[in-house]
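Work through the exercises below with the sequence and the model in view. Try each task before reading its solution.

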Amino acid sequence: MAENTAGGLLERLERGPVICAEGYLFELERRGYLQAGAFVPEIVLEHPHLVAQLHREFVHAGSDVVEAFTYYAHREKLRLIGKEQLLESMNRGALEIAKEVASETGTLFAGDICNTNVFVADDDSRTTVRGMFDEQVGWAVDAGVDFVIGETFSWGEEALIALEAIKEAGLPAVITLAIHQEPQTREGWTPEDACKRLEDAGADVVGLNCIRGPETMLPLLEKIRETVEGHMAALPVPYRTHEAEPSFQSLRDPGYADLPDGRPFPTALDPFTCNRYELGDFGRAAHELGINYLGICCGAGPHHIRSLAESLGRTPPASRYSADMSKHAFLGTDERVKREYKEYAEKL
Ligand SMILES: [Zn+2]
């Protein structure tokens with residue numbers, strides 16, 4: 001069972017941190033059940049038990065939220081792969097899977113909508129995008145979600161349209177922006193300005209997710225914290241982005257130059273992966289800023305989520321297996337072994 005289990009999202013946020021594990025596309029791609037490139041969650045229909053299993057692993061590691069895997073299960077993505085006819089069954093299927101795991105674990109059940117890739121800030125696209133959000137939010141309402149996450153918007157205005165669709169459905173909304181190399185939205189709003197507009201428009205939680213790793217997300221979060229009053233969200237990718245390469249798409253790997261397009265994103269990011277302790281450090285730093293909705297996006301594994309949870313004072317079920325190197329044969333604290341293997345241990 002998750003630890004923070006009473007009440008809805010907002011009550012839990014008032015009490016303390018709420019953890020939301022994400023990164024389903026990347027993790028299921030890594031496991032060999034989802035194709036990078038299209039990044040459409042067909043696995044929901046093809047291997048639903050594997051989606052449920054990953055939900056359970058994330059809850060075991062400390063997630064308080066089971067987010068339905070409807071990310072990129074929208075009309076435009078399905079049109080691109082010629083499978084628009086699967087749109088409704090994919091959404092309803094993903095919601096059903098998440099609902100089952102949330103109810104068996106006492107976690108929150110979240111719907112999910114995201115950037116549509118058709119928004120271009122004209123009236124036609126505004127109408128199209130709103131229609132896409134309405135249909136997905138409608139299925140989430142039918143499934144009985146506790147709240148809806150609207151995420152990875154590069155356009156502040158598209159995020160506002162998503163928010164409107166969620167609020168009109170009468171549900172709490174967590175809205176997050178994706179901030180690329182330039183610290184601004186596509187229309188040129190600063191992250192703090194965009195978050196303020198979202199908060200003023202009724203978003204219950206506002207913040208950032210994906211694209212940036214801990215090091216390059218934190219400075220933006222600080223500015224947002226100074227500007228917005230309510231709950232904030234922070235879900236970085238677990239990659240070592242830095243000032244010169246602030247997004248995971250902008251990372252370059254001089255150690256392996258033979259990459260399509262010269263960039264390791266999205267399938268060769270392994271050498272940039274943060275260790276679990278770095279995510280723990282991020283969790284502490286973000287929480288100290290007063291951010292209570294915390295998670296990890298693309299690239300997250302259960303070990304990252306557990307470390308984040310533990311950094312917030314939690315002991316999820318997976319903490320039973322957290323490292324205890326004192327028990328290690330050669331690196332541990334057993335006096336006899338240390339004496340006999342001292343020289344050997346130094347050569348390990
Ligand atoms: Zn992501």
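**Exercise 1. Helix H8**

Task: Find how far helix H8 reaches from its first C-alpha to its last, and state which of its residues are buried and what covers them.

Solution. The model is a predicted one. Start with the length: H8 covers residues 156-168, which is 13 residues. From its first C-alpha to its last it reaches 18 Å, close to the 18 Å expected at 1.5 Å a residue. Next, list the buried residues: Gly156, Glu158, Ala159, Leu160, Ile161, Ala162, Leu163, Ala165 and Ile166. Then look at what lies over these buried residues. The cover includes three strands, S3 (108-114), S4 (147-153) and S5 (173-177), together with helices H7 (123-143) and H9 (191-200). Last, check what comes after the helix: H8 is followed by Gly170, which has a positive phi near 80°.

**Exercise 2. Helix H6**

Task: Compare the expected span of helix H6 with the distance between its end C-alpha atoms, then describe its packing.

Solution. H6 runs over residues 87-105 and has 19 residues. At 1.5 Å a residue these should span 27 Å, and the end C-alpha atoms are 27 Å apart, so the two values agree. The buried residues include Leu87, Met90, Asn91, Gly93, Ala94 and Leu95. Further along, Ile97, Ala98, Val101, Ala102 and Thr105 are also buried. The buried residues of H6 pack against helices H3 (43-46), H4 (48-60), H5 (75-80) and H7, and against strands S2 (65-67) and S3. Just after H6, Gly106 has a positive phi of about 70°.

**Exercise 3. Two helices that cross**

Task: Describe how H11 and H12 cross, and which residues meet.

Solution. Take the axes of H11 (residues 276-288) and H12 (residues 302-311): they come within 8 Å and cross at roughly 40°. The crossing is right-handed. On the H11 side the residues are Arg276, Tyr277, Leu279, Gly280, Gly283 and Arg284. They meet His303, His304, Ser307, Leu308, Glu310 and Ser311 of H12. Sorted by class, this contact has 3 nonpolar, 6 polar and 3 charged residues.

**Exercise 4. The whole protein**

Task: How many helices and strands are there, and how compact is the protein as judged by its radius of gyration?

Solution. The protein has 13 helices and 8 strands. Its radius of gyration is 20 Å, close to the 20 Å that the globule rule gives for 348 residues, so the protein is as compact as a globular protein of that length. Buried residues make up 49% of the 348 residues. Of the contacts with a separation of 6 or more, 74% are between residues 24 or more positions apart.

How values were computed
Residues numbered from 1 in each chain as written. Predicted model: local features only at pLDDT ≥ 70, side-chain atom pairs only at ≥ 80, totals over all residues. Axes fitted to C-alpha atoms, helices over the stretch in contact; angles between N-to-C directions. Helix = DSSP H or I, 4+ residues; strand = E, 2+ residues; numbered from the N terminus. Left-handed = near helix turned anticlockwise from the far one by under 90°. Contact = placed C-beta atoms within 7 Å. Nonpolar A, V, L, I, M, F, W, Y, C, P; charged D, E, K, R; others polar. Expected span 1.5 Å × (residues − 1). Buried ≥ 20, exposed ≤ 12 C-beta atoms within 10 Å, placed from the backbone. Rg over C-alpha atoms; globule rule 2.2 N^0.38 Å.
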